[in-house]
Each structure stands twice: as C-alpha cells, then as structure tokens.
Amino acid sequence: MQDLLEALRAIAEPTRLRVLSLCRTGELSVGEICLILGQSQPRISRHLKLMVDAGVLERIPEGNVVFHRLSNSARGGEIARHIAALLPAHDETLDADISRLARIKAERIEKAQAYFKDNAEHWDQLRVLHIDEAEVERAITDVLMQAPVGEMLDIGTGTGRMLELLGPTADRSEGIDTSPAMLRIARTNIDRVGVPNCSVRQGDLHQLSFSRHTFDTVVIHQVLHFIEEPGYAIEQAA
C-alpha cells in the first residue's frame, strides 16, 4: 500500500508525468531531459530525485553523465508502467516532447556514426580476425531458443548487438560495458530497433554489481579473448 502511495505521489505532477512518458521509451540523461522539457537542470534534478526515491525511476551513472530509466527492480517501476499505459495517445504537450526526443536520438545516431568513421580502420582490422558474425549469431540463437531467455545480461555489450538480436525474445535484457563511447553506440542501436525492454549501463565484468539469481541468461560475446583471465569472467557470470 505504501509503495503504491509513494509512487502515485511521485508521478502526480505535470512535469513528472512528462518525464515518465519520456523514460518509458528508454534511458535518458539529465541533460537530454532538460533539453526536451525546456527546464533548468536544478529543477529537473529535483523531480528526478523524487521519482528515484519513490522507486519509479532508477539512476544509471556513466562516467560524468547520469541516465534515468523506469525502475526494473522497485515496485514503483511496475506502477509507473501501468500509469504510462494510461497516458493519452495524442496530447499536444506529450507529442511535442516526443518530437524533441526524436531529435535527441537523431543526434545520438550522428555521434555514433562519427565514432565509427573515426575508428573504421580499427574495426576493419578486428573483423578479419574472426569468423563470419552471421554464423556466430546463428549458433547463439540456436542454443538460446531451446528454452525461455527470461531476464538476460550481456557482459561486454559493445555495440549492443546481442541486445538487438536477443532482446525481443527476452523478458528484460541489460548490457554492461566499461566504455562510455561503446555504451552510447549500444544505446543508439537499441533505440533504432525499438526494443524498450533493453537497457545498458557502465559496468566491469570483474566486479559485477548484481546479486545472485538476478538473470536467467548471461551472454559474453567477443569479450573473453580481450581479458587476461577469461575463466574468472565466466565464474563471475555463473
């Protein structure tokens, strides 16, 4: 009862309803939310803190940037999703927010493309070291489709390819990577394919911040050959 009341109090305000509408589409930084809503960072930060404290949103630190998304762990996130479903399909204010959100995501794509362009030679060198990606992805899919994927963790998500490939079949999926640049690309790719149950965060496979039995499926793709102790990474995943 108390969880419900706290979530309702945290959501029942015009700006926070707009934030809820935006965050149901994916992860957004504080700066992005400020740009979309046209409000100052201190004001938006106060709204976000109230929503985080009520378990409606969760904070995802990534270097000097903090992203927010609907909570996957607290009861407030579940309540928020029910309320988000009740938002009007055509509302002048919400439609304007979504239009500005589309521009933000377009800028993400431009930055991701620029990063790939700057590092094209490096990516080409990596590709020749490995067998056909389509063959690898087909093998992974064949294995994972034998049972429900459930909640999935992708360790070393990189560009988010495994989230793109497997996210639609998972109840929820999350990718971690140490590189903010790669997380920006992964986030862009998730937005592009439209998989709202996928998210990414900065994290280290040597110090996983999740409790035991959080996920049903763990994927480590194109990662083990880059680290000194691959066996330890597999142990952490298990």
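The largest nonpolar core of this predicted model comprises 26 residues, among which V19, L20, I33, V56 and L57 touch the most other members. Two or more residues of this core come from each of α1 (2-11), α2 (14-23), α3, α4 (41-53), α5 (75-84) and α6. The greatest contribution is that of α3, which gives 5 residues. The surroundings of V19 illustrate how the core is assembled: leaving aside residues up to four places away in sequence, V19 touches I33, L37, L48, M51 and L57. Apart from this assembly there is a second, separate core of 16 residues, including I140, M152, A170 and V219. In soluble globular proteins, nonpolar side chains tend to be buried together.

The cysteines may be considered next. A search of the whole structure finds 0 disulfides. For C23, the nearest cysteine sulfur belongs to C34 and lies 12 Å away, whereas a disulfide requires two cysteine sulfur atoms within 2.5 Å; C23 is therefore in no disulfide. C198 is likewise in no disulfide, its nearest cysteine sulfur being that of C23, at 16 Å. Both residues lie under the 20% limit that defines burial. C23 counts as buried because its relative accessibility is 3%, and C198 counts as buried because its value is 7%.

Attention now turns to the second largest pocket, which holds about 360 Å³ of space. Its lining consists of 19 residues, and those that lie nearest the centre of the pocket are E32, F67, R108, K111 and R184. The elements giving two or more residues to this lining are α3 (30-37), β3 (65-70), α6 (92-118) and α10 (180-193). Two of these elements, α3 and α6, also appear among those that give two or more residues to the largest nonpolar core. By residue class, the lining of the second largest pocket divides into 9 nonpolar, 7 charged and 3 polar residues.

A final site lies in the loop between β6 (198-202) and β7 (217-220), where H213 is found. Is H213 buried or exposed? With a relative accessible area of 74%, H213 is exposed, because this value is over the 50% that the term requires. H213 and A238 are separated by 25 residues in sequence, while their C-alpha atoms are 9.2 Å apart in space. The strand β6 that precedes this loop spans 198-202, and its residue C198 is, by contrast with the exposed H213, buried at 7% relative accessibility.

How values were computed: Residues are numbered from 1 along each chain as its sequence is written. This is a predicted model: local features need pLDDT of at least 70, side-chain atom pairs count only at pLDDT 80 or more; totals for chains, interfaces and linings use all residues. Side-chain values use heavy atoms; hydrogens and water are left out. Buried means under 20% relative accessible area, exposed over 50%, partly exposed in between (1.4 Å probe, protein chains only). On a 1 Å grid over the protein atoms alone, a cavity is a set of points where a 1.4 Å probe fits but cannot get out, and a pocket is an open set with protein on both sides within 12 Å along at least five of seven lines; lining residues have an atom within 4 Å of a point. Grid points are joined across faces, edges and corners, and a volume is the space filled by probe spheres set on the points. Helices (H or I, at least four residues) and strands (E, at least two) are DSSP runs, numbered from the N terminus. Ala, Val, Leu, Ile, Met, Phe, Trp, Tyr, Cys and Pro count as nonpolar, Asp, Glu, Lys and Arg as charged, and the others, Gly among them, as polar. A nonpolar core is a set of buried Ala, Val, Leu, Ile, Met, Phe, Trp, Tyr and Cys residues joined through side-chain atoms within 4.5 Å. Contact means heavy atoms within 4.5 Å.
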